[in-house]
Amino acid sequence: MSVQLQYALVNGVKMLPRHENNRALHGICPHCGGEVVAKIYQDRMSHWAHLNSKMCDKWWESKTPWHIQWQNLFPEEWQEVRIDNPKDADDWHIADVCTADGLVVEFQHSHIKEEQQNEREQFYSANTKGIVWVVDIFGKRDVSKIIDIIPNDVINGIRKGGWMTQLGSLTAFPKQWRNSKHIVFYDVQLDSKRFLLCMRLCMIGYEQRAFLFGIPHEEFSQIVSNCKSIVMWNKNVQEAIEKWLLEHRPVPIIRNVR
């Protein structure tokens, strides 16, 4: 199955799929140079499809409205960016989003094997400034587990902006994503409220502690708009954990020594 694209080149101009004079436009894939044709639908996502069945990018996955909604939070020129391995001309892949200074943002809707996840992380780490994941897991899991995790004042709309809470259970989060060495945001929607959750694990002595950070959906594109912004956000997260640990440090028991 060929790669479905949101953008193609028509006479050198980057365009969305469309009809012109009641006929589907033809264009060029900006990544492999193959010919593509606009596929327009009323009941599913319109896209550009390759005329040749040859695989453009082996990491291709079907795009969903969820993908497009996320990608459209970013400038057009940051979407569907080809990333090359300078040491191997045949080793390249299409990033969902790549910022102007080289930070890749990947939106993962369907399940992938942990080996595939590791392969992508290694590729983007080696050839860009880094990778941030947004994973859609909560449409497939028990929402009640998520509600139990999120503070009540957040759910009720009282608290604004970002927030942090300590986690007692990790079962709501897939193990393969918990083990990632890169920043992973989890997309969750409760009624009309939408959050991005990020979990951090740390060891306190022999005990593992988990902390959950939440940010409003609308703040995400600013946080990952460049490498400096995500580094600063990551620093704030670490400082928040250190502050919590300091405030909850056990009081030492002092015994009289005779």
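This text describes the main sheet of a predicted model, the helix that lies across that sheet, and the salt bridges found in the structure.

The sheet is open and is formed by 8 strands in the order 9-10-11-12-14-15-16-13, with mixed pairing. Its edges are strand 9 and strand 13 (163-167); each has a single partner strand, so one side of each is left without a neighbour in the sheet. From one strand to the next, the twist averages 35°. Within this arrangement, strand 10 pairs with strand 11 (residues 103-108) in the antiparallel sense, over 2 bridges. Cys98 stands opposite Val104, a residue of strand 11.

Helix 7 (residues 227-247) lies across several strands, namely strand 11, strand 12 (130-136), strand 13, strand 14 (183-190), strand 15 (193-204) and strand 16 (207-216). Relative to strand 16, helix 7 runs at about 130°.

The discussion now turns to charged side chains. Side chains of opposite charge can pair when their charged atoms come close. A search of the whole structure finds 5 salt bridges, among them one between Lys58 and Glu119, with an N to O distance of 3.6 Å. Lys58 belongs to the loop between strand 8 (47-50) and helix 1 (65-71), whereas Glu119 belongs to helix 2 (residues 114-127); the pair therefore ties together parts that are 61 residues apart in sequence. Lys58 counts as exposed, at 59% relative accessibility, and Glu119 counts as partly exposed, at 35%.

The loop between strand 8 and helix 1 also holds Lys63, which meets Glu80 of strand 9 (residues 79-85). The side chains of Glu80 and Lys63 form a salt bridge of 3.3 Å, N to O. Because Glu80 lies in the strand and Lys63 in the loop, this pair ties together parts that are 17 residues apart in sequence. Glu80 is buried, with a relative accessible area of 5%, and Lys63 is likewise buried, with a relative accessible area of 16%. Both values fall under the 20% cut-off for a buried residue.

Which residue forms a salt bridge with Lys63 at 3.9 Å between the closest N and O atoms? This partner is Asp96, located in strand 10 (residues 88-98) and separated from Lys63 by 33 residues, so that the pair links distant parts of the chain. Asp96 and Lys63 are both buried. Through shared partners, the salt bridges join Lys63, Glu80 and Asp96 into one network.

Methods. Residues numbered from 1 in each chain as written. Predicted model: local features only at pLDDT ≥ 70, side-chain atom pairs only at ≥ 80, totals over all residues. Heavy atoms only, no water. Salt bridge = Lys/Arg side-chain N within 4 Å of Asp/Glu carboxyl O. Helix = DSSP H or I, 4+ residues; strand = E, 2+ residues; numbered from the N terminus. Buried < 20%, exposed > 50% of the residue type's maximum accessible area, 1.4 Å probe, protein only. Pairing = 2+ DSSP bridges. Axes fitted to C-alpha atoms, helices over the stretch in contact; angles between N-to-C directions. Contact = heavy atoms within 4.5 Å.
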